[in-house]
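Open the model in a viewer with the sequence panel beside it, and keep a selection tool at hand. The stops below go from the whole chain to the ligand, then to the cores and to a few single residues.

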Amino acid sequence: MKIDHSMMRQLIRANRGKGGFTYTHHNPFDADNAAIIAESNRDGFTINLSSNKVTEADALAALGIAPVVTILPTGSTKVTYTAEGRKVVRCPAETSEKVTCQTCRLCQKTDRPIIGFTPHGSGKKVTEKVANG
Ligand code: SF4
């Protein structure tokens, strides 16, 4: 499915100075999608590429256009590594009740490790968004 470039640019403009972020399952291997995803990340509206498993996360990260989030197996430790050696950090809200997206904001950063979500943590709603968004 193609991302609508003009709609995306409206979102990028509306986000100026607000530090927004989102997640996508749109195909980033499609050149048009990749171009607008990269543009959005350059312009401050962070689009995370969502993968449903760690084995997919390496391929998404290798594109170099966006930060990556992934679903982790239940019970994963706070830090794990992909098959290609990329660091995966569990969403801190899953392991601390004090952390929220507003205080954490890791998903807004483009220069950071892959973030992982486990299906049964306190971040279950975010996990569902990552899995289905
Ligand atoms: S709390 Fe988790 S979902 Fe929210 S910004 Fe941080 S890493 Fe992302």
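Helices (H or I, at least four residues) and strands (E, at least two) are taken here as DSSP runs, numbered from the N terminus, and on that basis Ile3 is found in the segment before H1. The model is a predicted one.

**The whole chain**

Colour the chain by secondary structure, and you should find five helices and six strands in the protein, which run from the N terminus on as α-β-α-β-α-β-β-β-α-β-α. If you then colour by relative accessibility, 42% of the 133 residues count as buried. Turn on contacts between residues at least 6 apart in sequence: 66% of them join residues at least 24 apart.

**The ligand and its shell**

Select the ligand next, together with the residues that surround it, of which there are 13, the closest being Cys91, Cys101, Cys104, Cys107 and Phe117. Strand S1 (21–24), helix H4 (101–104) and strand S6 (114–117) are the elements that give two or more residues to this shell. What classes of residue make up the shell around the ligand? The shell has 12 nonpolar residues, one charged residue and no polar ones. If you display cavities, the space taken by the ligand is the largest cavity.

**The largest nonpolar core**

Move now to the largest nonpolar core, which has 19 residues, and in which Met8, Ile37, Leu49, Ile65, Val68 and Ile114 have the most contacts. Helix H1 (5–15), helix H2 (31–42), strand S2 (46–51) and helix H3 (54–62) each supply at least two residues of this core, and H2 gives the most, with four residues.

Centre the view on Met8, which, leaving aside its neighbours within four places in sequence, is in contact with Ile3, Ile36, Ser40, Phe45 and Ile47. Apart from the largest core lies another core, of seven residues, among them Tyr23, Val69, Cys107 and Phe117.

**Ile3, ahead of H1**

From Met8, step back to Ile3. Is Ile3 buried or exposed? Ile3 counts as buried because its relative accessibility is 13%, and buried means under 20%. Not counting residues up to four places away in sequence, Ile3 touches Met8, His26, Asn33, Ile36 and Ile37. Draw a distance from Ile3 to Ile36: these two residues are 33 residues apart in sequence and 7.7 Å apart in space, C-alpha to C-alpha.

**Two buried asparagines**

Select Asn15, which is found in helix H1 and which, at 7% relative accessibility, counts as buried. With residues up to four places away in sequence not counted, Asn15 touches Gly20, Gly44 and Phe45.

Then go to Asn48, which lies in strand S2 and counts as buried, at 0% relative accessibility. Show its contacts, again not counting residues up to four places away in sequence, and you will find that Asn48 touches Phe21, Thr22, Tyr23, Thr24, Pro67, Val68, Val69, Cys107 and Arg112.

**Helix H3 and the glycine that follows**

Select helix H3 and look for its buried residues, which include Ala57, Asp58, Leu60 and Ala61. An α-helix has 3.6 residues a turn, so residues three or four places apart point the same way. Which elements lie against the buried residues of H3? These residues pack against S2, strand S3 (68–71) and S6. H3 is followed by Gly64, whose phi is positive, near 70°.

**The loop between H4 and S6**

For the last stop, select the loop between H4 and S6, where Arg105 has its place. Check the backbone torsions there: Arg105 has a positive phi of about 65° although it is not a glycine. With a relative accessible area of 30%, Arg105 is partly exposed.

Asp111 is found in this loop between H4 and S6 as well. Asp111 is exposed because its relative accessible area is 72%, where exposed means over 50%. Draw a last distance, from Asp111 to Pro67: their C-alpha atoms are separated by 7.0 Å, although these residues are 44 residues apart along the chain.

How values were computed:
Residues numbered from 1 in each chain as written. Predicted model: local features only at pLDDT ≥ 70, side-chain atom pairs only at ≥ 80, totals over all residues. Heavy atoms only, no water. Near = heavy atom within 4 Å. 1 Å grid on protein atoms, 1.4 Å probe; cavity = no way out; pocket = protein on both sides within 12 Å on 5 of 7 lines; lining within 4 Å. Sits in = over half its atoms within 2 Å of the grid points. Nonpolar A, V, L, I, M, F, W, Y, C, P; charged D, E, K, R; others polar. Core = buried A, V, L, I, M, F, W, Y, C linked by side-chain atoms within 4.5 Å. Buried < 20%, exposed > 50% of the residue type's maximum accessible area, 1.4 Å probe, protein only. Contact = heavy atoms within 4.5 Å.
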